[in-house]
Amino acid sequence: MNRRAQLLGLFAALCGATLLFACGGEETTEEPVDSTDHVGLFEIPISLNNQASGPSDAVRIEISPTELRLNYRPVVALEHGRPADTAIADHVITPLREALTSGPARRQAAIRMHANIPYLTFVEVLNTLQSASLRDVLIAVRAPGENPSEAWMQFPHFQVIPAGDEAPVFESRAIPWDEFVPQWQAVYDACRAGQYVNCDGPYAHTAEGGDLEMEMWTRAQGMKVTFRQINAPEPARTGGGGVAMIEGLAPPAVTGGGEPEVTPATEGAFTVRFQESTAADGSAISNMVAPVCADRQCQAIFLTDATAMSMRVISFLGATFPNGTQRPQVAFRLP
């Protein structure tokens, strides 16, 4: 009987092992996720655009000076906010893209980023999201005030474009240049009312026709918004009349006291100090862009140096398109 009992016990143990193997093998425990924010409240940028709803069903990207994390897990090590060259291909951060595309599809990305992260890293993160078809982005920001609190900024409809002069292709139609010209004085007055560096006043002669291009540029303590005419119509050609000239003879000299021809203005630039980007009591940047973009979707090209701090980028965008404005379309140019 003892021998039989031992055999039955061995058979039961083997059956148990077989069932365990059939159900997936040895039991494994997944490492717990550290969901603590590695970038603190006072390390994220201030933005005047800060009323977006919090992220929902979003991939979470956190960028500190030493690490890039996706959904709270380390993906890429950073040194002074930059990944190693081997982690980047064609301005796409390959480990991040692989992690994004290997997980479940999400409709939104939520970015929490240290204020000192360089623009080149930030724009390469955007380029990586673009390559993974993730274009709905929220940015964790601080709302200005005596008691700062965490908020979310709705990031523009974005695209990343190469360095150089290649023009972006926006989805909507550009604002006509002729609609900016009547607002030039209001833009100038708002610029001069702030901590300005230089403000172009209206010109007596201004070009007509074409579309409006808006460019945002920042360096050191300056933030500049430039409005310029693009896609100008071909100049009208005049012909007919006049005396036919004999080949080889110079035309007669023009006589009389006619006024010299004046080249019409095609561009106005407005530069203020960076403090205006976080002025909660009335930003000169917001005020000088409002006559053009307050009640319509604007398009802009953003460019700056590779080493410019991300807080300059986010605060500049937040002041240009503050709470209450339509979500713009912005092309970020690679430095």
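Trainee: Which strands each supply at least two residues of the lining of the largest pocket?
Mentor: Happy to help! This is a predicted model, where local features need pLDDT of at least 70, side-chain atom pairs count only at pLDDT 80 or more, and totals for chains, interfaces and linings use all residues. Residues are numbered from 1 along each chain as its sequence is written, and side-chain values use heavy atoms, without hydrogens and water. The strands (DSSP E runs of at least two residues, numbered from the N terminus) are β12 (211–219) and β15 (299–304).

Trainee: Which strand gives the largest share of that lining?
Mentor: The largest pocket (an open set of 1 Å grid points that fit a 1.4 Å probe, with protein on both sides within 12 Å along at least five of seven lines; lining residues have an atom within 4 Å of a point) is lined by 15 residues. Those lying nearest its centre are Pro 168, Phe 170, Ala 174, Ile 230 and Gln 299. The largest share, 4 residues, comes from β12.

Trainee: What is the volume of the largest pocket?
Mentor: Let's look at its lining before the number: it has 10 nonpolar, 3 polar and 2 charged residues (Asp, Glu, Lys and Arg are charged; Ala, Val, Leu, Ile, Met, Phe, Trp, Tyr, Cys and Pro are nonpolar; the others, Gly among them, are polar). Its volume (the space filled by probe spheres on the points) is about 210 Å³.

Trainee: How many charged residues line the second largest pocket?
Mentor: This pocket has a volume of about 190 Å³. It is lined by Arg 135, Asp 136, His 157, Phe 158, Gln 159, Val 169, Phe 170, Glu 171, Arg 327 and Gln 329. By class, 3 are nonpolar and 3 polar, while the number of charged residues is 4.

Trainee: Which strand gives the largest share of this second lining, and where does that strand stand in its sheet?
Mentor: Follow the open sheet of 7 strands, which has mixed pairing and runs β10-β16-β15-β12-β13-β14-β11. The largest share of the lining, 3 residues, comes from β10 (residues 157–161). Both β10 and β11 (196–199) have a single partner strand, so one side of each lacks a neighbour in the sheet. The strand is thus β10, and it stands at the edge.

Trainee: What is the bridge partner of Gln 299 in β16?
Mentor: Gln 299 is among the residues nearest the centre of the largest pocket. β15 and β16 (residues 329–333) pair (at least two DSSP bridges) in the parallel sense over 4 bridges. In β16, the partner of Gln 299 is Gln 329.
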